[in-house]
Amino acid sequence: MSRHPNRVYFSPGDHCLQAILACIRRARHTLQICVFTISDDRITAAILRAFAAGIQVRILTDNEKLFDKGADIRQLAAAGIPVRVDITSNHMHHKFAIVDHQTALTGSYNWTRSAALYNHENVLVTHDCDTVQAYSREFDRLWKEMEDFSSVY
């Protein structure tokens with residue numbers, strides 16, 4: 001375990017983006033992503049590289065954001081990444097990821113280009129076992145509850 005179990009990053013600027021990219025690059029086995037939307041091509045490219053390298057990637061997202069201009073979820077699903085979507089009238093507004101069941105990344109930061117450029121956002125990266133397990137349980141619960149992208153779209 002790291003001497004510094006928690007790291008905090010803020011935007012605007014590239015600090016949050018770099019934290020997300022570093023977590024994706026560190027994945028060796030699994031990458032579970034639960035985000036409202038993904039429209040930053042730099043993040044999308046990193047996810048696609050991880051998937052191509054054999055990392056088991058799964059994505060949960062909100063159905064209403066799928067067709068926003070610049071949204072990359074359909075591209076990720078077309079690449080073969082398992083994607084499930086919330087089909088309720090409510091928003092799946094989470095922004096978190098779990099790397100190898102050992103690291104959790106969370107915060108207000110939307111995985112969009114405007115979050116890096118303009119918004120005041122935050123990301124927390126933690127290796128705290130209890131926190132990572134809580135996010136893993138929530139991911140698994142939502143995965144069972146949501147609909148497979150390919151069966152809906």
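So, how many helices and strands are there in the chain? Six helices and eight strands. Before I go on, keep in mind that this is a predicted model.

Let's walk along the sequence. The pattern starts β-α-β-α-β-α, then comes β-β-β, and the chain finishes with α-β-α-β-α.

Okay, overall dimensions. For 153 residues, the compact-globule rule puts the radius of gyration near 15 Å, and this chain comes in at 14 Å, so the two agree. If you lay the C-alpha trace along its principal axes, you get a span of about 45 × 30 × 30 Å.

What about the inside and the outside? Of the 153 residues, 46% count as buried. The accessible surface adds up to about 7800 Å², and carbon and sulfur atoms own 50% of that.

Contacts next. Take pairs that sit at least 6 apart in sequence: 76% of those contacts join residues at least 24 apart.

Now for the charges. We have 17 positive and 17 negative ones, and their mean positions lie 7 Å apart. Searching the whole structure turns up six salt bridges, and I'll show you a few of them.

Let me begin with Arg141 and Glu145, whose side chains meet in a salt bridge at 2.9 Å, N to O. Both residues are in helix α5, which covers residues 129–145, and because they are four residues apart there, about one helical turn separates them. Arg141 counts as partly exposed, since its relative accessibility is 41%.

There's also a network to look at: salt bridges with shared partners tie Asp40, Arg42 and Arg113 together. Zooming in on one of its links, Asp40 pairs with Arg42, with 2.8 Å between the closest N and O atoms. Is Asp40 buried or exposed? Buried: its relative accessibility is 0%, and the cut-off for that class is under 20%. Arg42, on the other hand, is partly exposed, at a relative accessible area of 27%.

Last pair for today: Asp68 and Lys65. Their salt bridge has its closest N and O atoms 2.5 Å apart. Asp68 is partly exposed, with a relative accessible area of 29%. Lys65 is partly exposed too, and the value there is 22%.

If you've got the structure open, go to Asp40 and follow the network it shares with Arg42 and Arg113. That's all from me, thanks.

Technical notes
Residues numbered from 1 in each chain as written. Predicted model: local features only at pLDDT ≥ 70, side-chain atom pairs only at ≥ 80, totals over all residues. Heavy atoms only, no water. Helix = DSSP H or I, 4+ residues; strand = E, 2+ residues; numbered from the N terminus. Rg over C-alpha atoms; globule rule 2.2 N^0.38 Å. Buried < 20%, exposed > 50% of the residue type's maximum accessible area, 1.4 Å probe, protein only. Contact = heavy atoms within 4.5 Å. Areas by Shrake-Rupley, 256 points an atom, 1.4 Å probe, with all protein chains shown as cover. Lys, Arg positive; Asp, Glu negative; His and termini not counted. Charge placed at Lys NZ, Arg CZ, Asp CG, Glu CD. Salt bridge = Lys/Arg side-chain N within 4 Å of Asp/Glu carboxyl O.
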